[in-house]
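Thanks for making time this morning. I would like to walk you through one model, and I will try to be careful about what each term means.

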Amino acid sequence: SNKELDIPSQMKMLANVRCEEISGGAFEIASADIEKLNESHAEDKLIEDFGKSMARIYETTLTQYSEEASRYDAEISKAKELNLRQHLDVAMGKSFGGQSILVVNAAKSSFDIESKEILLLDSPWVGIDKKLASVMKDAHEVFSAQCKFPQSENLSSLNALYDAEEKKFRTYLEEKVNDLKAKVASVALEKGEDMFVGLMAKPLAGVIDKGKEDVWTRTNTVVETAWGEVSREQQAVIGSDGLSLDEKSAAQYLSALQQKCFTLTKKELQSVVGTKDAMFLRIMDAFDSHFRHDDKGGARIWKSHVKIGAIYDESKTLAEATLDRLATPTLTLGPHKYSATVLSPDEREFVLERFRAQSISRYDEAKRVQDAMSERTKIPWWIYLVIVVFGFNEGVYVMKNPVLLMLLLIVLPVAYVFYAIDSWPVVPEQLQPVVEFKQLVVGKVSELKEIVKTTLNDDPTPQGAAGAGAESATSAVSSS
């Protein structure tokens, strides 16, 4: 019966069973040790000296297995050891995954804090590369200290796992760095925009307010001056002590900022002149400045000799020319030219119609003032008559005295009727007594003249000569 026993086969079967038992026992002990370490992960805590701890468990487990399995078949023992290694790699790989997640989260939190501190600086781009290099270095040191395994042939699989995770972590950090640099670039762009607006807005409003023929040339001068200051300031942002951009990236950055500055200029122009109401007020101001004021800036007085129509036409042409200038600006920023339409065709037509209606009302108002002024300055004919009859001083005295003035206004019509009634072709019946009274007066005056004449002819004395003079005077009175 002993001859029937296959001793080598029996030994291999025994070796297979025993090595499996030894491997299982060793792995069970290792798993318990790993799970005990993993309790820290359950509390979101890092395992202190993670790599060394895992390496110790790994080495202890393999040593224990080798000591007990060395008496059995070498080939089977080696195969079971390889199987044990695979189980250890899986268990420790899971633990490494938990550890690396905690390290990455801690690095992310630290990086976010650093990022916020950097972005709060007045000039966050200054030395940004050095700051970010320091942050990345600190993060790598933490990852290495908390996750890296000792260099060992037994730990080659775990070291390969660490290398893969470390590469992912480095890529993650680089993405975070690029995101932060993009945020810093955005902050720099915003500061550049603010600086541009600060340098451009007030001078631009002054140029537009004047509304001269060269308004857009002067506007371009203002815009180019502001852009020159901003672009010089931005050299520190894109330079070696800032974002360290290469030539192509720097050109793209400045082009983006330039486009933003143009958009801001267009927005500023639209706020100053671009709305329909704003444009209407500006062209009305241009119209009123010429229509209501003379060349010296004084207010026009609408006297009768002033040609309102000609002034209106000049003012209207000036205002419409101002609209043409303000509605179609062309701006220059560096080597680029931008056309900015601040009013659409429909908006422009609306402004023109409103302006024409308002300007016509200005014209009508001026005509009314001129007509009223002509009426106020026209002297009645009877004032001239008073001055001619009484003389200037006496005439003024009569006009200042209300009693004499009223008496004069009553006497003059009566005297006129008394004088001119004989020439009337038909005399109303009510005025017949006046005709009879005038004839009686004329008759009495004639009789008086005869008496005076007879008396003077009979008296040859000097008094008689004087009487002759009186007679001639009487004749003059009667004839008048």
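I will begin with how the values were obtained, then take one helix, and finish with the core and the cysteines.

This is a predicted model, in which local features need pLDDT of at least 70 and side-chain atom pairs count only at pLDDT 80 or more, while totals for chains, interfaces and linings use all residues. Residues are numbered from 1 along each chain as its sequence is written, and side-chain values use heavy atoms, with hydrogens and water left out.

Helix α8 covers residues 276-291, helices being DSSP runs of H or I with at least four residues, numbered from the N terminus. Its 16 residues should span 22 Å, and the end C-alpha atoms are indeed 22 Å apart, where the expected span is 1.5 Å times one less than the number of residues. Aspartate 277 in this helix is partly exposed at 48% relative accessible area, a class that lies between buried, under 20%, and exposed, over 50%, with a 1.4 Å probe and protein chains only. Its side chain makes a polar contact of 3.0 Å with the side chain of arginine 354, that is, N or O atoms within 3.5 Å, one able to donate a hydrogen and the other to accept it, where residues adjacent in sequence count only if both atoms are side-chain atoms. The two residues are 77 apart in sequence, and their C-alpha atoms 9.9 Å apart.

Buried residues of α8 include Phe287 and Phe291.

Finally, cysteine 19 and cysteine 261 are each buried at 0%.

Methods: Helices (H or I, at least four residues) and strands (E, at least two) are DSSP runs, numbered from the N terminus.
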